[in-house]
Amino acid sequence: MPQAPVCVLSSSHEPQVSHGHDLDRFVQIGSLTKPLTGTLLVQLASTATLQLDDPLEQFLPAPAGTGITLRHLAEHTAALPRVPPRLRRFDPYADFDAGALDSVVRNLGSFTTGTPGRKAEYSNLGYALLGAALASAARAPYEELLHEHVLAPLDLTAITSNPPEDNQLSGRGFLGRRLRPWTMNGAILPAGGLWATPRDTARLLTRLLVERRLGEPAPSWQTTGRLRWHDGATRGASVFAGAMDDGTWVMVHRLSGQPLPTEKMAAQVLKNAVTETSRET
């Protein structure tokens, strides 16, 4: 079986690219979109456009009394299911458009799985709602806001929901045929619909987590010990990006929808970097 194309960028060695990957072509980054959405939330709060603890129904037509706040959505504590209802099998989010999102919002009480704020339950649906709420609060499209408040201040130009088709890289199936990417530029976009070049993905990671150009990291990042991280996976791509408190960082992207090998590769890079640092000291 052919090897999946891989690229590894890190603080410990020069970029490594193999099996046909490319640092400067667009790839899906899946749920690594979420930290960008969370950063947008924090930036809009810093301009007093909204507050993190504002209730969702202040911005979307959700029933009163759900208890769900913007912070709950960002921290995955809104007691919402992982995915929206009635997804397709092969292109799951293709039908999840603004109308489908509106239907979920208006009937939100029937989707909650418990009391908001009590425990973390990872939710793509929650981030779709968060992105819609941010667009409503600022009265502008999500991606326009993302560019103005996050991408432009970070000087990132190769992150988008709609890259040129001739500059995209996608995974390949068992017989070597190109896997058609999932359709994720609808309502699910704020949860996982962005494309980026691996080079700009690494810049995103370092500028948010190492250089802290936009202040403290958004609540979207996962935390394990001294490591802040997030991963993402779609049908034909997977990514892991993380940084330690001391500035050690890694970004691995594979043109394969299997996230576990991607995460293991990133973990090994971080482990080797820590070991080398210990030897030097």
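In this predicted model, β7 and strand β8 (residues 238–244) pair in the antiparallel sense, and seven bridges hold the pairing. The connection from β7 to β8 is a hairpin of four residues. Within the pair, W229 of β7 stands opposite G242 in β8.

On the other side of the sequence, strand β6 (residues 222–224) is also joined to β7, by three bridges, and the two run antiparallel. Here Q222 stands opposite W229 in β7. β6 and β7 form a hairpin with two residues between them, and G225 in this turn has a positive phi of about 60 degrees. Strand β7 (residues 227–233) has five of its seven residues buried, so β7 is largely enclosed by the rest of the structure. Strands of a sheet pair through backbone hydrogen bonds, either parallel or antiparallel.

A separate open sheet is formed by three strands in the order β3-β5-β4, with antiparallel pairing. β3 (27–28) and β4 (159–160) stand at the edges with a single partner strand each, so one side of each lacks a neighbour in the sheet. The pairing of β4 with strand β5 (residues 195–196) is antiparallel and rests on two bridges. In this pairing, I159 stands opposite A196 in β5.

The strand pairings described in detail are listed here.

| Strands | Sense | Bridges | Residues opposite each other |
|---|---|---|---|
| β4 and β5 | antiparallel | two | I159 and A196 |
| β6 and β7 | antiparallel | three | Q222 and W229 |
| β7 and β8 | antiparallel | seven | W229 and G242 |

The nonpolar interior comes next. The largest nonpolar core contains 65 residues, and L56, L70, L73 and M251 are those with the most contacts inside it. Helix α4 (residues 124–138) supplies the largest share of this core, nine residues. Another core lies apart from it and has eleven residues, among them W229, F240, V252 and V269. In soluble globular proteins, nonpolar side chains tend to be buried together.

L70 illustrates the surroundings of one residue in the largest core. Leaving aside residues up to four places away in sequence, L70 touches L41, L50, Q51, L52, D54, L56, F59, L130 and A133.

Helix α4 also packs against helix α3 (residues 98–106), at an angle of about 100 degrees and with the axes 11 Å apart. An angle of 65 to 115 degrees counts as roughly perpendicular, and α3 and α4 are therefore roughly perpendicular to each other. L101, V104 and V105 of α3 make the contact with L125, A128, L129 and A132 of α4. The residues of this contact divide into seven nonpolar, no polar and no charged.

Two loop residues have backbone angles to note. Most residues other than glycine have a negative phi, and most peptide bonds are trans. H19 is not a glycine, yet has a positive phi of about 60 degrees. H19 lies in the loop between β2 (16–18) and β3, and is partly exposed, with a relative accessible area of 48%. A48, also not a glycine, has a positive phi of about 65 degrees. A48 is found in the loop between α1 (33–46) and α2 (70–74). With a relative accessible area of 66%, A48 is exposed, since exposed means over 50%.

How values were computed. Residues numbered from 1 in each chain as written. Predicted model: local features only at pLDDT ≥ 70, side-chain atom pairs only at ≥ 80, totals over all residues. Heavy atoms only, no water. Pairing = 2+ DSSP bridges. Core = buried A, V, L, I, M, F, W, Y, C linked by side-chain atoms within 4.5 Å. Buried < 20%, exposed > 50% of the residue type's maximum accessible area, 1.4 Å probe, protein only. Contact = heavy atoms within 4.5 Å. Axes fitted to C-alpha atoms, helices over the stretch in contact; angles between N-to-C directions. Parallel < 35°, antiparallel > 145°, perpendicular 65-115°, else oblique. Nonpolar A, V, L, I, M, F, W, Y, C, P; charged D, E, K, R; others polar.
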